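Please read the following briefing alongside the sequence and the coordinates. The points are grouped by topic.

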Amino acid sequence: MIHLISGKGGVGKSTVAAALAWHLAANGRRTLLVELGDRSYFRHVFQADVGAHPVQINSHLTVTRWEGEVCLKEYLLHLIKIERVVNLFFDNKVMKALVQAAPALKELALLGKITSGVRRIGPALPYDEIVVDTYATGHFRALWRAPMGLAEAIPFGPMGEQSRAIVAAMKNPEQVRYYVVMIPEELPVTEGLELARDIQNELEQQPHLVLNRWLESPLRLEQLKAFHGHGFADYLSVLLERQNHSCKTAESRGLPFARLPWLFTNNVSERIAKLAPHMEAL
Amino acid sequence: MIDLLKRHRVLICAGTGGVGKTSLSASLGVLAAQSGLRTLVLTIDPAHRLAQALGLEKQAGVDVPVPAVPGLHACMIDPRSEFDEFVLGSVDNTIAKGLFNNRLYQQLVSNLNGSQEFTSLVRLLKSVRDPNYDLVILDTPPTQNAVDFLKAPERLYALFQDTVIGWFAHPEKEESFIKRTLHRGTRLVTTALEAVTGSKFIAELKDFFTHISHLRGRISEISWQVGDLLHAESTGFILVTGFDETKLKEALEFQADLQGENLHLRAVIVNRWFPEWSEGSHQWSAEWSHSADFKELKEFYERFSEFFRQRQEAYDRFVHHLGQTGADPSPVLKLPDFKNTVQGIEDLTRVATTINEKWRSLP
């Protein structure tokens, strides 16, 4: 199964992705945690040099980082089979500029790689689960719209076929699952729910909603009223009200829904380990 | 802060997504307008309520006066139509139409990676020339890395390199061109590209580059102008960052990148620093002291405070590095996490006041 995680910036996507991977691995699933792009976040988290070569974190968890350009190269190698030609292709100044600039090529290569296992393309990946920490909402849309646009634009040829196969995998609930991460605040919820709606409409899938940083207060809203005027109590009241409202809004969508607790730790590794058991609900 | 606003023609709020750039840009706009500067805030995709407060909910792409704030205008940039307008203003209609119909062009303008940044800069250039404004504040689009924004024109310009356009737009010259510029084996490359993508894709690419080659002159002109504008002494950057260790690390990288490019970072705003209550009063009446609930509330409060104490340590490390990187470290402004979501004009005004007060109390 492929798990794709997105949400508004700053909601804790990477932490949630890592916690999900951690949880799956702890349950005996061979899990690959993937981050995208040229900078590594998990490098700080796992104190490992996370690059194109997967790094083994524990017996079942492996972390890697995929870049569009590298994926494109791999994909070309798969199609052309002759490394010398592929290298020529990439050492070529024109091709370099083209890959940098041409819209949608890198996105296509990334999704191609992510879905290669389920499409049975290339060597089988030795993993049961692939968890991808993707992009923030806007960029994530652009990611999946790339193969959709190309599938429409190019009726014939390998690239058109590849695009259509990717789209088919992305729409298959047995193969790909979506997670929209939010925190109990108005903006992240609104933006998250918009993304969820687009996933439903365009990918015909039911995304999982994850409400991160849910504060368990020892006192309920009614109890807090007694301490009106106390700065902290007032703050807490506003926060709890907002939290309840966000939760109701998110729940009302009738999508699979889970809450992850606010944790009193600034240590990311510790946070991941503590959140992992909560992923059971998903 | 008012002096800083008055010294600039352009202020650019940069930072990664989710740190509150949009509401801070708007607040700075309010502060500037209150200080008598005719100000325009250029923003991208503000949240619904904020857009309403700024009077932006109906129309994109035009400057509208912000209700209740004399001297302040706001504009929501619509990257798609801005790009189309740019094309229409740069080439004749037939070519523009050809481009609009090309699928890859459609991908390019709807893909957030690059075109949004480019269109904001195009729009910024236009607004700076508007004699009706003393100051233009630009809220930058959400990027994964704050630095992406700066590299956008460069990335887009890569599309217009002679080599790429020459290769695709003038197929009849292909033979000689290849002989001139490319390594041995280019034939293989062409064949490979065609094998991979299919001839339809190549046709689409050629079409794309043929049309877009007409834009080259304008784009390069714009790139120069943008470069000049960004480097001007009257253009300042304000880095907005959140308060966690990764965000702060990114902020450090951004600062280094700005310095590397000789751009002027004028301030760092660490947003949502501490919750509002950490600075407020926590007086309680004597009658509460026997309440079991209050005991619990106090314990909870202590837990929170300890959490923030730890976070302070991360920040101290950040400031230490910041001091080490440059001879002239930028002032760091710390804003609290307001308990209410910043969305109405009153909220923006409150943030503006806080910014000004905090700025004044900086050493």
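The notes below cover the make-up of chain B, the sheet of chain A and one loop residue of chain B.

This is a predicted model, in which local features need pLDDT of at least 70, side-chain atom pairs count only at pLDDT 80 or more, and totals for chains, interfaces and linings use all residues. Residues are numbered from 1 along each chain as its sequence is written, while chains are lettered from A and ligands numbered from 1 in the order in which they are written.

**Chain B overall**
- Chain B has 16 helices and eight strands, where helices (H or I, at least four residues) and strands (E, at least two) are DSSP runs numbered from the N terminus.
- Of its 363 residues, 42% count as buried, meaning that 20 or more other C-beta atoms, placed from the backbone, lie within 10 Å of the residue's own (exposed: 12 or fewer; partly exposed: in between).

**The sheet of chain A**
- Eight strands of chain A form an open sheet with mixed pairing, in the order β3-β4-β2-β5-β1-β6-β7-β8; two strands pair if DSSP finds at least two bridges between them.
- At the edges stand β3 (55-56) and β8 (257-261) of chain A, each with a single partner strand, so one side of each lacks a neighbour in the sheet.
- Strands β2 (residues 31-36) and β5 (residues 129-136) of chain A pair in the parallel sense over five bridges, and A:Glu35 stands opposite A:Asp133 in β5(A).

**B:Asp78**
- B:Asp78 lies in the loop between β4 (72-76) and α4 (79-90) of chain B, and it counts as partly exposed because it has 18 C-beta neighbours inside 10 Å.
- The C-alpha atoms of B:Asp78 and B:Ser120 are 8.8 Å apart, although the two are 42 residues apart in sequence.
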